[in-house]
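Colleague: I would like a close look at one part of this model, with some of its other local features after that. Which residues lie closest to the centre of the largest pocket?

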Amino acid sequence: MCGSASATATHCPYCALQCAMTLTSTGPESVEVSGRDFPTNRGGLCRKGWTSTELLKHPDRVREPLLKDDDGVHRPISWDYALEIIRDRVLATRSRHGADAVGVFGGGGLTNEKAYLLGKFARLALGTSRIDYNGRFCMSSAAAAGNRAFGVDRGLPFPLADLGSARTILLLGSNTADTMPPFVQHLQGARDAGGLIVVDPRRSATAELTSEGRGRHLQPAPKTDLALLLGITHVVIMDGLADRAYVEGRTRGYDAVARSVTPWWPERVQAITGVSAQLIRETAHRLAEPGGTYILTGRGVEQHANGTDTATAAINLALLLGLPGTAGSGYGTLTGQGNGQGGREHGQKADQLPGYRKITDPAARAHVAGVWRVPESLIPGPGVPAVELLASLGRPGGVRCLFVHGANVVVSAPNASTVLEGLRALDFLVVCDFFLSETAAEADLVLPVLQWAEEEGTMTNLEGRILRRRAAVTPPPGARSELWIMARLAELLEAPSSFSDDPETVFTELRAASAGGLADYSGVDYAMLDRELLDEGLPNGGAGAYWPYPAGSNGTPRLFLDRFAHPDGRAVLHPVAPSSSVSVPSDGRLALATGRLLEHYQSGTQTRRVGDLLATSNAQVLQIHPVTAAGLGIADGAEVEVSNERGTVFARAELSGAIRPDTVFLSFHFPGAGNANVLTSSETDPVSGMPEFKTTRVSVRVHRSAEIEAVAV
């Protein structure tokens with residue numbers, strides 16, 4: 001965009017809060033950001049949002065296809081040649097190893113249109129079942145728990161603004177003050193009432209919000225969240241705090257859950273978690289008080305090998321208190337990635353078809369085949385979840401040719417060294433990105449794609465609200481939309497069905513494919529979303545486009561008001577318990593927790609290129625308790641090694657009383673020697689496929705070179 005100033009209403013490229021913003025272009029390379037009033041952010045932005053446009057003109061931008069030569073150097077080639085190479089490699093791989101030797105790894109930051117077409121492209125153009133995405137690392141346990149309890153998975157089944165009227169909010173495993181700062185304003189009502197309860201092994205910025213009588217911070221030992229929830233539930237049942245009318249009228253499974261929590265009396269839970277029995281009892285009674293109560297979960301309680309059961313325990317507690325589907329109360333889970341909700345609804349997941357349909361459901365397959373105008377037999381069956389997909393790279397019977405869209409698995413995947421080995425063992429790796437990420441650097445072919453402010457499309461935020469993303473600037477001449485790439489490749493591969501590169505046309509097809517599914521978008525169109533975006537009103541009085549939104553309806557801002565999504569309309573209580581001893585191993589090692597920092601996002605591919613953000617946080621830091629550090633001879637600011645059987649990470653020590661003495665913390669934003677996921681395990685939740693990110697066992701010591709220098713002195 002050139003000439004006079006021009007303003008475009010859109011949404012932030014980062015987290016699932018999807019803060020509203022206005023981009024004002026005053027010249028070819030000059031774009032200014034301003035916050036825009038919207039129910040989720042109310043005009044506010046975090047420092048990532050304020051600096052988001054710096055990346056649009058960044059010198060690191062990939063501007064033409066890059067092919068890696070025999071000397072390991074990426075050199076520019078034409079788009080025609082790039083697409084021909086991909087076609088030939090796909091055909092050769094399928095001929096030699098079968099269709100499932102071609103794999104696709106997607107991302108939770110892709111627009112709904114790109115996520116939808118990527119699923120279709122994988123299954124019809126490539127003919128493979130081997131597709132999954134990085135949302136498997138973020139939301140899969142919460143999704144699995146929501147599906148089995150409620151029959152549907154929508155992160156927040158109510159508008160975010162509803163939290164403002166709550167008197168009590170229990171927030172488990174989420175540091176929203178750092179990860180999505182504008183969210184904090186929605187906690188103010190509970191804070192004013194002294195009812196913000198934060199569960200976190202760290203005294204995080206969010207836990208600090210409970211100070212000065214504004215709530216409680218429960219600081220359990222790592223990997224004991226499930227036991228803590230069972231202890232609170234025990235008190236709710238034994239002290240007669242459950243909403244029996246709600247439980248009898250709207251749920252099933254009460255007796256089994258009541259029996260299952262009998263052994264989890266508060267004193268026993270105190271011995272396991274470190275949270276006092278008195279605080280457990282006080283928490284249960286506070287949650288049962290009138291005035292509006294919400295229970296919210298985040299990755300801290302979900303990114304475990306028992307994450308589905310832990311999220312289920314939180315849902316059980318909410319159901320026993322009568323919260324879901326009750327005005328002024330509820331349960332929800334906080335989606336992290338920008339389109340983490342929409343990205344998992346329309347076909348990127350290994351076991352799903354558009355509309356949140358199960359790929360094994362004959363009726364679902366028939367419906368989608370009809371929309372795609374292909375025989376149902378052409379749609380492959382279920383694939384494998386992300387960790388299993390990545391573990392198969394380059395192995396016999398595994399994936400030999402991989403497409404990566406919107407993900408940086410070299411940094412973000414668990415057991416990252418093994419993933420890197422797998423990428424290097426591939427016959428061919430294609431990465432679509434706008435920067436040469438650590439994963440793109442390994443690619444045989446890098447395809448330059450559009451950034452957020454250069455493309456049209458839709459996103460679905462943490463509330464299940466469908467939003468419009470609008471192009472505000474002109475992309476570099478060599479960059480292409482992933483829709484264009486998939487459409488051209490589908491043509492070269494002589495794929496069945498049609499593949500459009502026009503976002504609105506793709507969205508129209510998505511609407512038809514989702515119609516009648518759990519995540520039904522059929523009643524939404526671009527014109528409607530544009531009216532909301534420009535504040536010109538919607539048919540439902542401006543309440544927002546929340547799915548399910550069947551044609552002819554006004555959408556569903558609040559789920560479960562009348563019934564749950566199971567056939568009998570009831571929610572299902574599932575008894576859960578730790579699968580083995582929940583005590584912390586006494587092997588002398590520490591529990592490593594990983595998470596996000598205020599300044600950075602995901603693998604840091606974008607935020608590590610923003611000067612103002614990097615100036616505040618430019619290298620890996622290990623948060624460690626002063627008592628623990630003293631016992632290890634570690635001074636504040638010392639260079640340290642954090643290691644286990646999978647590898648070693650180098651960091652600078654930061655002594656802090658905000659973390660438990662048995663726990664240390666690393667962020668997951670840094671590559672190379674600072675990559676925390678070199679240490680994390682490939683162990684996964686048996687239900688969701690979620691990796692165990694949160695409680696890796698590690699040893700910490702002063703960096704050897706520092707010891708050598710000290711001896712020399």
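Modeller: I start with the pocket and then go through some backbone details, a helix and the strands.

The model is predicted, so to speak of a local feature requires pLDDT of at least 70 and a side-chain atom pair counts only at pLDDT 80 or more, while totals for chains, interfaces and linings use all residues. Residues are numbered from 1 along each chain as its sequence is written, and side-chain values use heavy atoms, with hydrogens and water left out.

The largest pocket has a volume of about 680 Å³. On a 1 Å grid over the protein atoms alone, a pocket is an open set of points where a 1.4 Å probe fits, with protein on both sides within 12 Å along at least five of seven lines; a lining residue has an atom within 4 Å of a point. Points are joined across faces, edges and corners, and the volume is the space filled by probe spheres set on them. The lining has 36 residues, and N147, D351, Q352, Y356 and K358 are the closest to the centre. At least two lining residues come from each of α4 (140–150), β15 (357–358) and α16 (386–391); helices (H or I, at least four residues) and strands (E, at least two) are DSSP runs numbered from the N terminus. The largest share, five residues, is supplied by α4. By class, 14 lining residues are nonpolar, 13 polar and nine charged, where Ala, Val, Leu, Ile, Met, Phe, Trp, Tyr, Cys and Pro count as nonpolar, Asp, Glu, Lys and Arg as charged, and the others, Gly among them, as polar.

Next, the backbone. Most residues other than glycine have a negative phi, and most peptide bonds are trans. N415, not a glycine, has a positive phi of about 50° and lies in the loop between α17 (409–412) and α18 (416–425). N415 counts as buried at 14% relative accessibility; buried means under 20% relative accessible area, exposed over 50%, and partly exposed in between (1.4 Å probe, protein chains only). Phi is also positive, near 50°, at Q602, in the loop between β22 (590–595) and α22 (611–616). The peptide bond between W547 and P548 is cis, with omega about -5°, and P548 sits in the loop between α21 (526–533) and β21 (571–572).

Helix α7 (residues 225–238) has 13 of its 14 residues buried. Its end C-alpha atoms are 20 Å apart, which agrees with the 20 Å expected at 1.5 Å a residue, the expected span being 1.5 Å times one less than the number of residues. G240, just after α7, takes a positive phi of about 70°.

Among the strands, β27 (residues 696–702) has five of its seven residues buried. β27 pairs antiparallel with β22 over three bridges; two strands pair if DSSP finds at least two bridges between them. One bridge there links A591 to R697 of β27. Four bridges join β27 to β24 (residues 639–644), also antiparallel, and V640 has V702 of β27 as its bridge partner.

Elsewhere, three strands form an open antiparallel sheet in the order β1-β2-β3. β1 (6–11) and β3 (30–35) stand at the edges with a single partner strand each, so one side of each has no neighbour in the sheet. Six bridges join β2 (residues 20–27) to β3, and T22 has S34 as its bridge partner in β3.
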